[in-house]
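Trainee: Could you take a close look at one part of this protein with me? I'd like to settle on a single residue and then work outward from there.

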Amino acid sequence: MDYMPISFLIVLATIFVVYRQMKTRPTAKRGLLYTAAAMSVVGVVTGGLIDARHLALSIGLLLVAAVVAVALGVWRATTVRVWLDESGAAWSKATGWTLLAWLVSIAVRVGLYFAGQALGLTSSPTGILLFVGLTIGAQAYLVAQRGRALSGAGRRPDTVVR
């Protein structure tokens, strides 16, 4: 199987998601959660997440990668600015800190990939889909939760939740 087109599409999708996060967006939209779920499902369904020759090590690294992906998504969610407009609708926009956190997330994922390679594990680039799906999903869910909490709390429209 030729993984170059898949890898290229994963990179493009990630760039698109980061680009969209840098724009002002309503927090009530669920499109990013659906995108994250689809990426995660495709990452699992396409296989290559587990190296049968090193089952325990492979599963351990997969679990570490999943926990790290969620933790990085939680961290990035804290860097996103969330506020209410005059009508009480919640909006969000990523900050420079979010972009920095994305760069750290990418570096960590690359590090995990090379750690697996150094341990002799065979991996598929589609495993990146699972990582990206989990990290985007965690971030999108938490930003949406902050928007709901802000709009449901009766705060002034100019209140910002950080």
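Trainee: Let's take L103: is that residue buried or exposed, and what sort of surroundings does L103 belong to?

Mentor: L103 is exposed, because its relative accessibility is 54% and anything over 50% counts as exposed. Keep in mind that we're looking at a predicted model. The residue sits in helix α4, which covers residues 96–118.

Now for the company L103 keeps. On the surface there is a nonpolar patch made up of W75, W97, L100, L103, V104, I106, V110, Y113 and F114. Taken together, those side chains offer about 880 Å² of accessible area. Helix α4 supplies the largest share of the patch, namely eight residues. For scale, the accessible surface of the whole protein chain comes to about 9000 Å², and carbon and sulfur atoms account for 71% of that surface.

Let's step along to helix α3, which takes in residues 55–79. V70 is one of its residues, and V70 is partly exposed because its relative accessible area is 36%, in between the 20% and 50% limits. If you set aside neighbours within four places in sequence, V70 is in contact with L134 and A138. For a sense of distance, pick Q21, which is 49 residues away from V70 along the chain: the C-alpha atoms of that pair are separated by 17 Å.

S58, also in helix α3, tells another story. It is buried, because 4% relative accessibility falls under the 20% limit. Not counting residues up to four places away in sequence, S58 touches L49, I50, D51 and L121.

D51 is worth following up, since its side chain meets that of R53 in a salt bridge, at 3.2 Å from N to O. How many salt bridges does the structure hold? Just one. Its two ends are set differently: D51 is buried, with 5% relative accessibility, whereas R53 is exposed, with a relative accessible area of 58%.

While we're on charge, have a look at the surface patch where R20, K23, K29, R81 and K93 gather, a patch of positive charge. K93 belongs to strand β3, residues 90–93, and counts as partly exposed at 35% relative accessibility. Over the whole protein chain there are 15 positive and 5 negative side chains, and the centres of those two sets lie 4 Å apart.

Finally, zoom out to see where these pieces fit. The protein chain has five helices and four strands, and from the N terminus on they run α-β-α-α-β-β-α-α-β. The C-alpha trace spans about 60 × 25 × 25 Å along its principal axes. Of the 162 residues, 36% are buried, S58 and D51 being among the buried ones. As for contacts, take those between residues at least 6 apart in sequence: 79% of them join residues at least 24 apart.

So back to your starting point: L103 is an exposed residue of helix α4, and one of the members of the nonpolar surface patch.

Key:
Residues numbered from 1 in each chain as written. Predicted model: local features only at pLDDT ≥ 70, side-chain atom pairs only at ≥ 80, totals over all residues. Heavy atoms only, no water. Patch = residues over 30% accessible without salt bridge, like charges linked within 9 Å, V, L, I, M, F, W, Y side chains within 5 Å. Areas by Shrake-Rupley, 256 points an atom, 1.4 Å probe, with all protein chains shown as cover. Salt bridge = Lys/Arg side-chain N within 4 Å of Asp/Glu carboxyl O. Lys, Arg positive; Asp, Glu negative; His and termini not counted. Charge placed at Lys NZ, Arg CZ, Asp CG, Glu CD. Helix = DSSP H or I, 4+ residues; strand = E, 2+ residues; numbered from the N terminus. Buried < 20%, exposed > 50% of the residue type's maximum accessible area, 1.4 Å probe, protein only. Contact = heavy atoms within 4.5 Å.
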